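Student: I would like to take a close look at a single strand and its surroundings in this predicted model. Please read it with me carefully, and then follow the thread outwards.

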Amino acid sequence: MDLRDRVYIVTGAAGGIGAGIAEALVDAGSSVALADLDLQTVTETARRVDPAGERTLGVGCDVASDGSVQEAIAATVAHFGRLDGVVNNAGVIEMNEARHATSAAWARELDINVIGMFRVCQAALEHLTASDQAAIVNVASNCGKVGFPNMAGYNASKAAVINLTRSLATEWAPLGINVNAVCPGAVDTPMLASVADWLAEHHDGDPDDILAGMALPQLGRKIAPIEVGRVVAFLLSPDAAIIRGQAINIDAGETPY
């Protein structure tokens with residue numbers, strides 16, 4: 001893949017999957033704005049993936065705020081001069097049994113995971129229509145297809161991301177924008193570790209043993225964030241022009257559809 005002269009913004013890029021995506025995009029030759037609520041950490045991550053500091057920019061961004069999202073997009077375009085694509089990775093998870101889940105927790109997951117994604121897409125739209133190879137990749141989850149216990153709100157939010165991806169792909173294809181989603185599973189990130197911690201606390205287990213048990217059988221290990229990033233880089237590239245509105249599983253064969 002050759003993404004030279006392309007500019008992308010990745011939300012939730014301070015660490016985990018977002019940082020892996022940014023690293024893969026830099027490896028493919030593009031410039032990347034790494035956006036995150038934690039400006040200090042995301043700036044450090046930007047320098048780590050691009051020590052010369054020539055092709056990355058760390059920007060503060062709260063995807064729950066229209067104004068913050070608009071400012072992040074504007075800062076990206078002002079710095080790099082263009083915007084060719086968006087990767088919506090920012091997200092939160094609120095672990096709880098469905099019978100104990102609160103409406104406030106549900107609202108937070110839906111606002112950040114779904115509406116936040118849409119805020120970024122809308123704010124970027126006018127810049128993407130000016131690109132000759134515009135693309136959007138939304139980070140959903142295999143949770144949006146399978147529905148795991150103790151995370152009903154997260155499952156629902158990721159299912160909504162998958163459906164919204166399909167809607168935007170249909171509506172925005174005439175504008176020259178390709179839209180897809182990826183559905184990772186068991187990626188080695190702090191979020192996965194937090195899930196193991198919650199399960200251990202509420203089900204009398206050892207968090208290290210639970211986390212180790214999340215290794216994917218066909219792969220024999222968990223997925224590395226940069227491996228997700230390489231799939232995202234492909235979907236942003238012109239090589240993926242015939243892949244549209246899809247939710248691509250990145251879970252080592254765990255999800256059959």
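Which residue of β7 is the bridge partner of P184?

Tutor: The bridge partner of P184 in β7 is I250, and that pair is a convenient way into strand β6, although everything said here concerns a predicted model. Strand β7 covers residues 247-250 and pairs with β6 in the parallel sense, over four bridges. Strand β6 also pairs with strand β5, residues 134-139, again in the parallel sense and over six bridges, and in that pairing V139 stands opposite V182 of β6.

The strand itself, residues 177-184, is mostly covered, with eight of its eight residues buried. That cover extends to both faces of β6: on one side the buried residues are I177, V179, A181 and C183, while on the other they are N178, N180, V182 and P184. Asparagines N178 and N180 therefore belong to the buried set on the same side as V182 and P184.

Among these residues C183 deserves a separate word, since a reader may wish to know about its sulfur. A search of the whole structure finds zero disulfides, and C183 is accordingly in none, the nearest cysteine sulfur being that of C143 at 9.5 Å. The cut-off matters here, because a disulfide is counted when two cysteine sulfur atoms lie within 2.5 Å. C183 counts as buried at 0% relative accessibility, and C143 is likewise buried, with a relative accessible area of 8%.

From the strand we can turn to the empty space in the model. Rolling a probe the size of a water molecule over the atoms shows where such space is left. The largest pocket holds about 1,200 Å³ of space and is lined by 48 residues, of which I17, Y154, T189, M191 and L192 are the closest to its centre. The elements that give two or more residues to this lining are α1 (16-27), β2 (31-36), α4, α5 (143-146), α6 and α7 (190-203), and the largest share, five residues, comes from α7. By class, the lining of the largest pocket divides into 30 nonpolar, 13 polar and five charged residues.

The structure also holds one cavity of 30 Å³ or more, with about 60 Å³ of space in it. Its lining is made of 13 residues, and N88, N89, A90, N113 and M117 are those that lie nearest its centre. Here the elements that give two or more residues are α4 (103-128) and α6 (152-172), with α4 providing the largest share, five residues. Seven nonpolar, five polar and one charged residues make up the lining of this cavity.

Helix α2, residues 39-49, can be set beside the strand as a last element. Its buried residues are V42, T45, A46 and V49, and they lie on the same side of α2 because they cover an arc of only 105° around the axis. An α-helix has 3.6 residues a turn, so residues three or four places apart point the same way. The face of α2 turned away from the buried side carries the exposed residues Q40, R47 and R48, whereas β6 has buried residues on both of its faces.

Note on methods: Residues numbered from 1 in each chain as written. Predicted model: local features only at pLDDT ≥ 70, side-chain atom pairs only at ≥ 80, totals over all residues. Heavy atoms only, no water. 1 Å grid on protein atoms, 1.4 Å probe; cavity = no way out; pocket = protein on both sides within 12 Å on 5 of 7 lines; lining within 4 Å. Points joined across faces, edges and corners; volume = space filled by probe spheres on them. Nonpolar A, V, L, I, M, F, W, Y, C, P; charged D, E, K, R; others polar. Buried < 20%, exposed > 50% of the residue type's maximum accessible area, 1.4 Å probe, protein only. Pairing = 2+ DSSP bridges. Arc of directions from axis to C-beta.
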